[in-house]
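Student: I'd like to take a slow walk around one small part of this model rather than tour the whole thing. Could you take me through it and then out into its surroundings?

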Amino acid sequence: MLDFKAIIWDYNGTLLDDLSIGVLSINKMLNKRGLPLLTTEHYREVFTFPVKSYYEAVGFDFETEDWDKAANEFIDHYTSLLPHSGIFPEAVDLLTHFNKEGKKQFILSAMEQNMLNESTRNENIIKYFDEISGIDNIYASSKIDNGLQLMKKHELKASEVCLFGDTTHDYEVAKELKCNCILIASGHQSYQKLKETGCPTVVNHLKEITKN
């Protein structure tokens, strides 16, 4: 399974264990609006990309309130809680393992670039990556264009690349990049949702990857 020359990592929910602060952030917003709060299990069933659709699914009405303000409100909550999250211990083990094997490693994230740079610096993992690619806004939009640019810039051959992610969108990205994909169900979406994509390899935890 791991006979690849390059690994493209998603960040949130794959490398960064930020599920709990994501749930807490959205629940602060729901509580403010008198909307039902989410359990972690419900959150993992309704979370999706684009995130605006997920907001609408849990009760936000963007005909009566401004999407930009809501997105900024979430980022304010999330940023304040970010110091309470950290990299999965298994992720550090894998990053080290792949580094020793000489594999190229990249981050392809829907996190805003400056926030991503700061977070990876604080987590002391920048050294593992050839490039850390985020987006230029706070709206957690598609990563496909950035992924295509990354593949072209580093002259990566799709058959030699595997993308690791924790959402259905990561599988969509992998299909567009025509690369391999492993989905990990310890992040923002449930194992069942990930299996429904048709992705050939879905695991429950990062530690299972090297066992296959």
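Student: Where does Lys178 lie, between which helix and which strand?

Tutor: Lys178 sits in the loop between α8 and β7. Keep in mind that this is a predicted model, and let's start with the residue itself. Its phi is near 65°, a positive value in a residue that isn't a glycine. As for cover, Lys178 has a relative accessibility of 66%, and since anything over 50% counts as exposed, it goes in that class.

Now step back into the helix. Lys178 follows α8, which spans residues 168-177 and is mostly covered, with seven of its 10 residues buried. The buried ones are Thr168, His169, Asp170, Tyr171, Val173, Ala174 and Leu177. Leu177, then, is buried, whereas Lys178 is exposed. On the general point, an α-helix has 3.6 residues a turn, so residues three or four places apart point the same way.

What covers α8? Its buried residues pack against a mixed set of neighbours: the strands β1 (6-9), β4 (104-112), β6 (161-165) and β7 (180-184), plus the helices α7 (144-153) and α9 (191-195).

Take α7 from that list. As usual for packed helices, the description comes down to the angle between the axes and the distance between them. The axes of α7 and α8 come within 10 Å and cross at roughly 40°. The two helices are therefore oblique to each other, and their crossing is right-handed. On the α7 side the contact uses Ile144, Gly147, Leu148 and Met151, which meet His169, Val173, Glu176 and Leu177 of α8. By class that makes five nonpolar, two polar and one charged residues. Three of the α8 residues in that contact, His169, Val173 and Leu177, are also on the buried list.

While you're at α7, look at the loop between α7 and β6, where Glu155 lies. Glu155 isn't a glycine either, yet its phi is positive, about 50°. Its relative accessible area is 72%, so Glu155 is exposed. That gives you a second residue to set beside Lys178, which likewise has a positive phi and is exposed.

Now go the other way from Lys178, into β7. Four of the five residues of β7 are buried, so this strand is largely enclosed by the rest of the structure. Its neighbour β6 runs parallel to it, and the pair is held over four bridges. One residue pairing to look for is Leu163, whose bridge partner in β7 is Cys181.

From there you can read off the whole sheet. It is open, with six parallel-paired strands in the order β5-β4-β1-β6-β7-β8. The edges are β5 (131-135) and β8 (202-203), each of which pairs on one side only. Helix α6 (residues 113-122) packs on the sheet too, touching β4 and β5, and its direction makes about 130° with that of β4.

Follow the order from β7 through β6 and you arrive at β1. Four bridges join β1 to β6, and the two strands run parallel. On the other side, β1 and β4 also pair in the parallel sense, over four bridges. Trp9 is a handy landmark here: its bridge partner in β6 is Phe164, and it stands opposite Ile107 in β4. Look along β1 and you'll see Ala6 and Ile8 pointing one way and Ile7 and Trp9 the other, with all of them buried. Remember that β1 is also among the elements the buried residues of α8 pack against.

For a comparison with the α7 and α8 pair, try α1 (residues 19-32) and α4 (residues 67-81). They pack at about 135°, with axes 9 Å apart. They are therefore oblique to each other, and this crossing is right-handed as well. The contact takes Ile21, Gly22, Leu24, Ser25, Ile26, Lys28, Met29 and Lys32 from α1, and Ala70, Glu73, Phe74, His77, Tyr78 and Leu81 from α4. Those residues split into eight nonpolar, three polar and three charged.

One last backbone detail, since we began with one: the peptide bond from Phe49 to Pro50 is cis, with omega near -5°. You'll find Pro50 in the loop between α2 (40-46) and α3 (51-57).

Conventions: Residues are numbered from 1 along each chain as its sequence is written. This is a predicted model: local features need pLDDT of at least 70, side-chain atom pairs count only at pLDDT 80 or more; totals for chains, interfaces and linings use all residues. Side-chain values use heavy atoms; hydrogens and water are left out. Buried means under 20% relative accessible area, exposed over 50%, partly exposed in between (1.4 Å probe, protein chains only). Contact means heavy atoms within 4.5 Å. Axes are lines fitted to C-alpha atoms, for helices over the stretch in contact, and angles run from 0 to 180 degrees between N-to-C directions. Angles under 35 degrees count as roughly parallel, over 145 as roughly antiparallel, 65 to 115 as roughly perpendicular and the rest as oblique. A crossing is left-handed if the near helix is turned anticlockwise from the far one by less than a right angle, and right-handed if clockwise. Ala, Val, Leu, Ile, Met, Phe, Trp, Tyr, Cys and Pro count as nonpolar, Asp, Glu, Lys and Arg as charged, and the others, Gly among them, as polar. Two strands pair if DSSP finds at least two bridges between them.
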